[in-house]
Amino acid sequence: MLEIRNLRATVAGEEILKGLNLSVKPGEVHAIMGPNGSGKSTLTNVLSGRDGYAITGGEALFEGQDLSALEPEERAHAGLFLAFQYPVEIPGVSNLEFLKASLEATRKAQGKEPWDAVTLLRQARETCKQVDLDPQFLKRGVNEGFSGGEKKRNEIMQMLLLQPKLALLDETDSGLDIDALQVVARGVNSLRSPDRAIVLVTHYQRLLDYIVPDYVHVLANGRILKSGGKELALELEQRGYGWLTGEEEASA
Ligand code: ADP
Ligand code: MG
Ligand code: MG
């Protein structure tokens, strides 16, 4: 589903990803952990096609398609969902309008009929409830004045409506209280299926108590340094990253 081979990427002229390899198959949940500044968000941004992030070597294939040949919207329509560490605010565009546009384009790309207005509203309201978000949020500007937790719930709500093939979530757990964390985990777990895959970028083992990954990877200095099963996350929690990166101070 996602095949990343020897990927190199620069941000502001500096090489941040330095030959990264990652292979994700349908049905799998992968967690990516790693010290601050190791390139985790850069990877998310590169895969989403964000301005300023340039691929300088290697490749990233999504269902065999070279992602760098697709516009960001085309990536989304192909079934890639990316949730950012810092979600953007879009004042003036309501959450519902935004969802309508995303859903129409995505369903069209998948050869499905668009939802009529009544169905859209019903589905959106139900999905809001699923993530404990007041349906009134549908009328507000996208992420405008949302608290950190509300932004994350909103992202999970979008994801559940869009039903992506591959969801990539960057620190969806950061700054969440336990209730919000469980909402996020429930949402992500409900998306798990043999034909979908999920990649979670997280700093903390805690989220992985709720979303149990099949694989855990350590990203440090622009590369995957180590991969293992869910027990690797527990080991990192105890030992930090220093034993892997060769630094004295573990920076968990
Ligand atoms: P992580 O998410 O693992 O904490 P990031 O991918 O955010 O790390 O950052 C990796 C490195 O790339 C850092 O040194 C960071 O300062 C740099 N970087 C990321 N984005 C930018 C940017 N837009 N401009 C300049 N440097 C950046
Ligand atoms: Mg960081
Ligand atoms: Mg980050």
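Is P72 buried, exposed or partly exposed, and how many other C-beta atoms lie within 10 Å?

## Environment of P72

In this predicted model, P72 is partly exposed, because 15 other C-beta atoms lie within 10 Å, whereas a buried residue requires 20 or more and an exposed one 12 or fewer. The residue belongs to helix α2, which covers residues 72-77.

When neighbours within four places in sequence are set aside, the contacts of P72 are S48 and G49. With respect to V183, P72 is separated by 111 residues in sequence and by 27 Å in space, C-alpha to C-alpha.

## Overall architecture

The protein contains 9 helices and 12 strands. Its radius of gyration is 18 Å, close to the 18 Å given by the globule rule for 252 residues, so the protein is as compact as a globular protein of that length. The C-alpha trace spans about 55 × 40 × 35 Å along the principal axes.

Of the 252 residues, 39% count as buried. Among contacts with a separation of 6 or more, 68% are accounted for by residues 24 or more positions apart.

## The four-stranded sheet

Strands of a sheet pair through backbone hydrogen bonds, in either a parallel or an antiparallel arrangement. Here, 4 strands form an open sheet in the order β2-β1-β4-β5, with antiparallel pairing. Its edge strands, β2 (14-24) and β5 (65-66), each pair on one side only.

Strand β1, comprising residues 2-11, pairs with β2 in the antiparallel sense over 8 bridges. Within this sheet, L2 has V24 of β2 as its bridge partner.

Terms used:
Residues numbered from 1 in each chain as written. Chains lettered and ligands numbered in written order. Predicted model: local features only at pLDDT ≥ 70, side-chain atom pairs only at ≥ 80, totals over all residues. Helix = DSSP H or I, 4+ residues; strand = E, 2+ residues; numbered from the N terminus. Contact = placed C-beta atoms within 7 Å. Rg over C-alpha atoms; globule rule 2.2 N^0.38 Å. Pairing = 2+ DSSP bridges.
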